[in-house]
Amino acid sequence: MGRLVVVGSGASGVHYARTALELGHAVTLLDVGHERAGSPPAPDASFLELRTALDDPLEYFLGAHHEGVVVPGSRATYYGLPPSKSHVFRHPRGFQATTRGIDPSFSFARGGLAEAWTAGAYEFGDDDLAEFALDHAALRPHYAEVARRIGIGAADDDLARFIPRSEGYLPPLRPDAHSEALLERYARRRDTLHRRHRFYLGRSRVAALSRDHAGRRGCAELGRCLWGCPTEALYSPLYTLRECRANPRFDYRPRSLVTHFDYGDGGRLDAVVYRHLDDDTEHRLEVDRLVLAAGALATTKIVLDSVYRRTGVAESLGGLMDNRQVHVPFLTPSRVGRGVETAAYQFHHLAFGIPGDTAADYVHGQITTLRAASVHPIVPNLPFDLRSAMAAFRIVRSGLAVANVNLSDARREISRATVRPLGDGPETELVLDYVADADEPARMEAAVGAVKRALRGLGCFVPPGMTRVLPKGTSAHYAGTLPMTPAPRRYATAPDGRSWDFPNLYVVDGAVFPFLPAKNHTLTLMANAVRVARATLDDRSR
Amino acid sequence: MTDHERQDREFRVFTRYLTGGGVTSELVAAYRRAHRDLPALGDAPSRAPLVDRASLALARLGGPATRVADAYTRFFRPDGPLRVRLVLALALLEHAPPHHERLATAVSPGPVAGLLRLTGLGIAFAVSLGVGLLVLGPLHLVSRTGVDDGAGAGG
């Protein structure tokens, strides 16, 4: 193997790179790599203690320009990303996109979109993989490898029928009192909930450490997950990138925005071209194998720009997908007035599944009970004056939670990605046009209705008018534009990740998914990247 | 009174309303800086619809007047300049010691006592809203029928 170049330091890129290094190959990784500004401060301070531990807590929590303040009427969500994560969505100069029907989040951060994830890690089963050119057995050893590398907590529970579990998992995190109460109530009403609502509840699978593992500390329950875990218990691809950088065969080149690759008449790539962001110089790097792991949207743009620059044709790729998400806030009345541990793991402890007739109908969800949180985005929504709302909130917050409902998405050619020239030169903007399935409103209504009925069956109160359908693009599970196919097809990839059009080009991010199950897809991105690396770089497997 | 003096006084009134406590000069400065940073705060209270100007003026009086104005705008001007300023004040106070101890924590009176307290809060809110309807409702009607219809700065 000559020069092996990987593009992107997100979840799939770093695991491909690490596997390649383990197999004895040298790897060059090109990355824009926007970084967070320093490490999380006061690493032993809890969410509340930070107010007194920091010199300027207002700047930390609200930003130097108050960008973290969620005022009434703003588009920010009630849990909106804090200023410490602003680097995750910063664009490099010159990147432009026009979108319709989808409001995506583009990330050029070191670690990619998983720098802002909530760590849900779920294996796809055979039903989920029916349209992939592989099954769970093919992915199983690679799921196990990723679980071993990053640390995933899971429990034996009713979700096992929908979510397989390979080897190497850790015990789950200690649940908070509200989550425990919901589980106890579910245990008492299990049969009724299954029979009437097809509702199955269990522990969410989370890439957060319940104990020390692989050189990282177990969760110290500081309640700072959203702002950046100071103990590294919550997994980030940064940690795998760090492991790669410790290898002398790894060449990490940040501040490098890949614009396109050059190829010959047979489609064989000669070189990858990138712009260095510090001085705007263009660099051409010869490659023997190029692996795109820049995220489905950025990978799509690289491919489209490469074709455009060579042929003058702006191709259009169909099949763009993203999960639809719906937030269903609810209250558990029996938990009202019981106090809250803010020094606790902040993200979800519970997950649920509602099966349908097909994998496409399966509804996946996670339940996050309210613990540490900024209150000002939430309190103004209560039906009181603000002073009374604060007093009421302090009483009810121990019973507040939100069910995050995820729906699957399928490839439809009508949802497309293309590039549009910005002038006479080669620069283009990415154009995304997403058209929701005509059935989606009915599916959403059915799914949300089932969740609400199940929550009521658990003795919870679902306030009317507060369910929120999030804009398409919010879930950031983009996929489908270069789908995996068993037979050659234009702008598709083989089961081993190799492009059918470009023989030394591989794609290992969500662009290759031919179907997007309702479950969070990040774990499968990582496992698939490991699989592709092992299948195509390990001489022993040939 | 200059804008700064007005903002200072306003923030002190809002802090007393929300927490019962006082403020430091650093917090007051942060409140002023936020007015420069946040477009929603704008610079147009003087050009805002009548109901917005009136609710701000009423809220700035302090005491029960603040609550009455807040209660009214919660439903009838939820994105208006008063609510934006109150939420900004809340955002600053919840992250600043010592106010964070009250605002960022929960109380644990138990479910029954908790529900009784909620009932009391609901009654107090209803009274404030009723007074707000009497005081600000007519002005809101004037705003909606007047030339400066309700599309002023801050929502």
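## Contact between chains B and A, with selected local features

Chain B and chain A together bury about 4000 Å², and 67% of this area lies on carbon and sulfur atoms. Within the area that chain B buries against chain A, V87(B), H95(B) and V107(B) supply 16%, more than any other three residues. The structure described here is a predicted model, and the contact between its two chains draws on 47 residues from chain B and 45 residues from chain A.

Polar and charged pairs also join the two chains. The count between chain B and chain A is 20 residue pairs in polar contact, with both members at pLDDT 80 or more, and 1 salt bridge is counted between these chains. R67(B) forms a salt bridge with D385(A), in which the closest N and O atoms are 3.6 Å apart. On the side of chain B that touches chain A, the elements giving two or more residues are α1 (3-19), α2 (25-37), α4, α5 (81-94), α6 (99-103) and α7 (111-145) of chain B. Of these, α5(B) provides the largest share, 9 residues, and the residues on this side of chain B divide into 28 nonpolar, 7 polar and 12 charged.

Two helices, one from each chain, can be set side by side in terms of burial.

| Helix | Residues | Buried residues |
|---|---|---|
| α1(A) | 11-22 | 11 of 12 |
| α3(B) | 50-59 | 7 of 10 |

Helix α1(A) is mostly covered, and its buried residues are A11(A), S12(A), G13(A), V14(A), H15(A), Y16(A), A17(A), R18(A), T19(A), A20(A) and L21(A). The length of α1(A) agrees with expectation, because 12 residues at 1.5 Å a residue should span 16 Å and the end C-alpha atoms of the helix are 17 Å apart. Just after α1(A), G24(A) takes a positive phi of about 95 degrees.

In chain B, helix α3(B) is largely enclosed by the rest of the structure, because 7 of its 10 residues are buried. Those buried residues are V51(B), D52(B), A54(B), S55(B), L56(B), L58(B) and A59(B), and they pack against α1, α4, α5 and α7 of chain B.

One residue of α4(B) can be followed in more detail. T73(B) lies in this helix, which runs over residues 64-76 of chain B, and T73(B) counts as buried because its relative accessible area is 2%, below the 20% cut-off. The side chain of T73(B) reaches the backbone oxygen of A69(B) at 2.9 Å. When neighbours within four places in sequence are left aside, T73(B) is in contact with S55(B), P78(B), L82(B) and R83(B); S55(B) is also among the buried residues of α3(B).

A loop residue of chain A completes the account. S105(A) is found between β3 (97-100) and α4 (136-150) of chain A, and S105(A) counts as partly exposed because its relative accessibility is 24%, which falls between the 20% and 50% limits. Residues up to four places away in sequence not being counted, S105(A) touches F89(A), L113(A), G473(A) and Y478(A). The C-alpha atoms of S105(A) and E413(A), which are 308 residues apart along the chain, are separated by 22 Å.

Technical notes:
Residues numbered from 1 in each chain as written. Chains lettered and ligands numbered in written order. Predicted model: local features only at pLDDT ≥ 70, side-chain atom pairs only at ≥ 80, totals over all residues. Heavy atoms only, no water. Helix = DSSP H or I, 4+ residues; strand = E, 2+ residues; numbered from the N terminus. Buried < 20%, exposed > 50% of the residue type's maximum accessible area, 1.4 Å probe, protein only. Polar contact = N/O pair within 3.5 Å; in protein donor to acceptor, adjacent residues only side chain to side chain. Contact = heavy atoms within 4.5 Å. Buried area = accessible area lost by both parts, 1.4 Å probe. Salt bridge = Lys/Arg side-chain N within 4 Å of Asp/Glu carboxyl O. Nonpolar A, V, L, I, M, F, W, Y, C, P; charged D, E, K, R; others polar. Expected span 1.5 Å × (residues − 1).
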